[in-house]
Amino acid sequence: VALSTGTAGTADAQMPGKGKSVQPIHNGVRMSMIWNEIVAIGLEGLGYEVKVALEAEIPKMHLAVAEGDADYMPVHWDPLNLVYYERSGGAPKLQKVGRLIKGVGEGYLIDKATADEYGIDNLGQFADPKIARLFDVDGDGTADLMGCNRGWSCARAIDHHIDAYELRETVAQNQGVYFNLIADTIARFKQKKPIFYYTWTPMWVSGVLVAGKDVKYLNVPFSSVLDEEGADTALPDGRNRGFAANDIRVLANNQFLRKNPAAEKLFELMKIELDAINARSLLVHDGQDKLSDIRLHAESWAAEHRATLDQWIAEVAAAAD
């Protein structure tokens with residue numbers, strides 16, 4: 001709060017958002033609410049009143065922004081959420097602004113103990129029923145891949161990979177509430193049982209199940225990306241986790257941006273480090289997950305980056321002159 005007040009003071013003569021309100025929307029995942037609040041702090045520094053964020057599943061979030069029910073969402077994964085962007089009207093209605101968090105990633109992991117014992121390093125090896133049965137949780141003889149909520153982009157991507165790599169007979173994506181599935185996965189790991197799951201960064205899971213120490217990323221047999229024909233997901237060192245590198249961007253309603261060029265400029269300037277979100281998301285996982293805690297996590301980031309945040313706000317205010 002002290003930061004927001006101080007920052008607003010630096011631009012007191014130039015408050016392009018004064019007298020205006022802004023309606024964000026997010027998916028209700030506590031971790032992503034951290035950077036939602038960081039963006040809100042920036043907008044408040046410009047004088048905007050930021051309303052309590054609406055909540056919806058990812059496809060409906062895109063539609064809400066497109067139709068003007070919300071002004072922006074700071075959780076658009078580019079290119080992963082491309083299909084929802086296009087289905088919601090695309091460029092005539094929506095604009096992707098800035099690159100809020102760069103280089104976010106996704107992938108499939110198994111416990112390192114099983115990986116080392118059986119020499120598993122590629123998802124394609126799960127075509128072997130003997131390998132798949134190592135990760136059978138429900139006793140049906142197939143590997144249980146702890147996947148994503150129905151309706152999430154990652155759920156579609158996982159199903160695509162299962163088909164592309166001809167694993168339909170040996171691998172099943174377990175779907176449900178993602179964080180419940182991950183809680184079960186962590187419990188199995190603590191019992192020294194094999195685990196097989198999908199995750200992404202930024203996210204607290206990577207702080208609990210540490211890649212290279214507890215778990216191991218799997219490569220995929222070849223690049224095959226849903227909604228991106230011909231996309232290459234291979235890294236320069238030869239690894240291929242099966243997912244294109246993503247950036248988290250602010251997706252905003254075009255009419256809102258036309259009326260609020262200051263907000264658009266701020267969205268373009270704002271950058272948040274991946275490591276900073278990972279560290280704070282682990283605090284959320286460890287129990288600091290109330291809405292008041294989320295705001296404090298955002299304010300702690302803002303306090304650590306006060307000079308940069310003040311510079312962004314000053315730059316936006318100067319441009320609005």
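## Cis prolines and a positive phi

Pro202 sits in the loop that joins strand 9 to helix 9 (205–208). The peptide bond leading into Pro202 from Thr201 is cis, and its omega is near 5°. This is a predicted model, so these values are computed from its coordinates.

A second cis bond runs from Asp78 to Pro79, with omega near 20°. Pro79 also belongs to a loop, the one between strand 5 and helix 4 (82–87). Another backbone feature appears at Glu166. Glu166 is not a glycine, yet its phi is positive, at about 55°. Glu166 is in the loop between helix 7 and strand 8 (171–174). Most residues other than glycine have a negative phi, and most peptide bonds are trans.

## Confidence in the model

The mean pLDDT of the protein is 92. A pLDDT of 70 or more is reached by 94% of the residues. Residues 1–11 have a pLDDT below 50. In the model, this stretch makes 21 contacts beyond near neighbours in sequence.

## The largest cavity

The model holds 3 cavities of 30 Å³ or more. The largest cavity has about 240 Å³ of space. Its lining is made of 17 residues. Closest to the centre of this cavity are Asn27, Ile58, Trp77, Trp152 and Trp200.

Which elements each supply at least two residues of this lining? They are helix 2 (30–45), strand 5 (72–78), helix 7 (153–164) and strand 9 (196–201). Helix 2 gives the most, with 3 residues. By residue class, the lining of the largest cavity has 12 nonpolar, 4 polar and 1 charged.

## The largest pocket

The largest pocket has about 300 Å³ of space. It is lined by 18 residues. Val104, Gly105, Glu106, Arg241 and Phe243 are the closest to the centre of the pocket.

Strand 6 (94–111), strand 9 and helix 12 (274–285) each give two or more residues to the pocket lining. Strand 6 gives the most, with 5 residues. The lining of the largest pocket divides into 8 nonpolar, 7 polar and 3 charged residues. Strand 9 is thus named for the lining of the largest cavity and for that of the largest pocket.

## Helix 13 against helix 14

Two packed helices are described by the angle between their axes and the distance between the axes. Helix 13 covers residues 291–304, and helix 14 covers residues 306–319. Their axes come within 5 Å. The crossing angle is roughly 85°. Angles of 65 to 115 degrees count as roughly perpendicular, so helix 13 is roughly perpendicular to helix 14.

Which residues meet where helix 13 contacts helix 14? From helix 13 come Trp301, Ala302, Ala303 and Glu304. From helix 14 come Arg306, Leu309 and Trp312. The contact has 5 nonpolar residues, no polar ones and 2 charged.

Notes: Residues numbered from 1 in each chain as written. Predicted model: local features only at pLDDT ≥ 70, side-chain atom pairs only at ≥ 80, totals over all residues. Heavy atoms only, no water. 1 Å grid on protein atoms, 1.4 Å probe; cavity = no way out; pocket = protein on both sides within 12 Å on 5 of 7 lines; lining within 4 Å. Points joined across faces, edges and corners; volume = space filled by probe spheres on them. Helix = DSSP H or I, 4+ residues; strand = E, 2+ residues; numbered from the N terminus. Nonpolar A, V, L, I, M, F, W, Y, C, P; charged D, E, K, R; others polar. Axes fitted to C-alpha atoms, helices over the stretch in contact; angles between N-to-C directions. Parallel < 35°, antiparallel > 145°, perpendicular 65-115°, else oblique. Contact = heavy atoms within 4.5 Å. pLDDT = per-residue confidence, 0-100.
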